[in-house]
Amino acid sequence: MLTEYIAPRNMMFDFRRRMDQFLSGLAQEAETVWPFNSLSGSLPASNIWENKEAYFVELAAPGIKEDNISLSMIGNELTIQLERPSCEETEKVGKFWRQERVNESSSMSISLPGVIDSKDITADLKNGILVIRVPKSEETQTKKICVNASKCKKD
């Protein structure tokens, strides 16, 4: 009879890994039933970042035309709606063997921290990448504060 010694520490790591898998699976199922972040449909990959002056949202939107994109801003919440073109020509010719491209509209809401300047929001669609620039209000931009006012440079 072959027995294997399992260290208690290894058991705890294995337990934690299994719990992480279980909980992440629950979170994914919950998003399909009740979207916590106002997600619906199949959304493209996205990157969100900020610098001193603005927030940036970058979405992969291959095959989506400018006319099929709708952006709105209410308060500090940016809503992006995409309408994907359908595959009606393919459906007329035959049936799908495999279909990974979703042909439905989707929307995404992003709550941005701080106060934003909604007058100067810009969006640019180039080579299938949508880049949205949301400028920060001057109130929320980082400002340098001098400790000794007499030694500070005047700009």
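Colleague: Strands are DSSP runs of E, at least two residues long, and they are numbered from the N terminus. With that in hand, where is Lys-136 placed?

Modeller: Lys-136 lies in the segment after strand 7, and that strand covers 129-135. One caution before we go on: this is a predicted model.

Colleague: Noted. Is Lys-136 buried or exposed?

Modeller: Lys-136 is buried. Its relative accessible area is 10%, and buried means under 20%, so the residue falls in that class.

Colleague: What does the side chain of Lys-136 reach?

Modeller: It reaches the backbone oxygen of Asn-51, at 2.9 Å.

Colleague: Let's zoom out. How many helices and strands are in the chain?

Modeller: The protein chain has 2 helices and 7 strands. Along the sequence the pattern is α-β-β-β-β-α-β-β-β.

Colleague: Which sheet does strand 7 belong to, and in what order?

Modeller: Strand 7 is in an open sheet of 4 strands, ordered 1-2-7-6. The pairing there is antiparallel.

Colleague: Which strands stand at the edges of that sheet, and why call them that?

Modeller: Strand 1 (46-50) and strand 6 stand there. Each has a single partner strand, so one side of each has no neighbour in the sheet.

Colleague: How much twist is there from one strand to the next?

Modeller: The average is 15°.

Colleague: How many bridges pair strand 2 with strand 7?

Modeller: There are 7 bridges between strand 2 and strand 7, in the antiparallel sense. Within that pairing, Glu-58 faces Val-131 of strand 7.

Colleague: And how many for strand 6 and strand 7?

Modeller: Strand 6, residues 122-126, pairs with strand 7 over 5 bridges, again in the antiparallel sense. Ala-123 stands opposite Ile-132 there.

Colleague: What sits between strand 6 and strand 7?

Modeller: The two strands form a hairpin, with 2 residues between them. Asn-127 is in the turn, and its phi is positive, about 55°.

Colleague: Switching topic. In what order do the strands of the 3-strand sheet come?

Modeller: That open sheet runs 3-4-5, with antiparallel pairing. Its edge strands are strand 3 (69-74) and strand 5 (105-111), and each pairs on one side only. Neighbouring strands are turned by 15° against each other on average, direction ignored.

Colleague: How many bridges join strand 3 to strand 4?

Modeller: Strand 3 is joined to strand 4 (residues 77-83) by 6 bridges. Leu-71 has Ile-80 as its bridge partner. Ser-70 has Gln-81.

Colleague: Which residue takes a positive phi in the hairpin of strand 3 and strand 4?

Modeller: Gly-75 does, near 65°. This hairpin has 2 residues between its strands.

Colleague: How do strand 4 and strand 5 pair?

Modeller: They are antiparallel, with 7 bridges. As one pair, Glu-83 of strand 4 has Ser-105 of strand 5 as its bridge partner.

Colleague: Back to Gly-75. How far is Gly-114 from Gly-75 in space?

Modeller: The C-alpha atoms are 10.0 Å apart. In sequence the two glycines are 39 residues apart.

Colleague: Where is Gly-114, then?

Modeller: Gly-114 is in the loop between strand 5 and strand 6. Its relative accessibility is 41%, so it counts as partly exposed.

Colleague: Now the inside. How many residues has the largest nonpolar core?

Modeller: It has 16 residues. Val-57, Ile-80, Ile-132 and Val-134 have the most contacts inside it. Strand 2 (54-60), strand 4, strand 5 and strand 7 each supply at least two of its residues.

Colleague: Which residues is Ile-80 in contact with, leaving aside its neighbours within four places in sequence?

Modeller: Among them are Val-57, Leu-59, Met-108, Ile-110 and Ile-132. Leu-71, its bridge partner in strand 3, is on the list too.

Colleague: What share of the chain counts as buried?

Modeller: Of 155 residues, 18% are buried.

Colleague: And how much area does the chain expose?

Modeller: About 12,600 Å², and carbon and sulfur atoms supply 53% of that.

Colleague: Last one. What share of contacts joins residues at least 24 apart?

Modeller: That share is 56%, taken among contacts between residues at least 6 apart in sequence.

How values were computed. Residues numbered from 1 in each chain as written. Predicted model: local features only at pLDDT ≥ 70, side-chain atom pairs only at ≥ 80, totals over all residues. Heavy atoms only, no water. Pairing = 2+ DSSP bridges. Axes fitted to C-alpha atoms, helices over the stretch in contact; angles between N-to-C directions. Buried < 20%, exposed > 50% of the residue type's maximum accessible area, 1.4 Å probe, protein only. Polar contact = N/O pair within 3.5 Å; in protein donor to acceptor, adjacent residues only side chain to side chain. Contact = heavy atoms within 4.5 Å. Areas by Shrake-Rupley, 256 points an atom, 1.4 Å probe, with all protein chains shown as cover. Core = buried A, V, L, I, M, F, W, Y, C linked by side-chain atoms within 4.5 Å.
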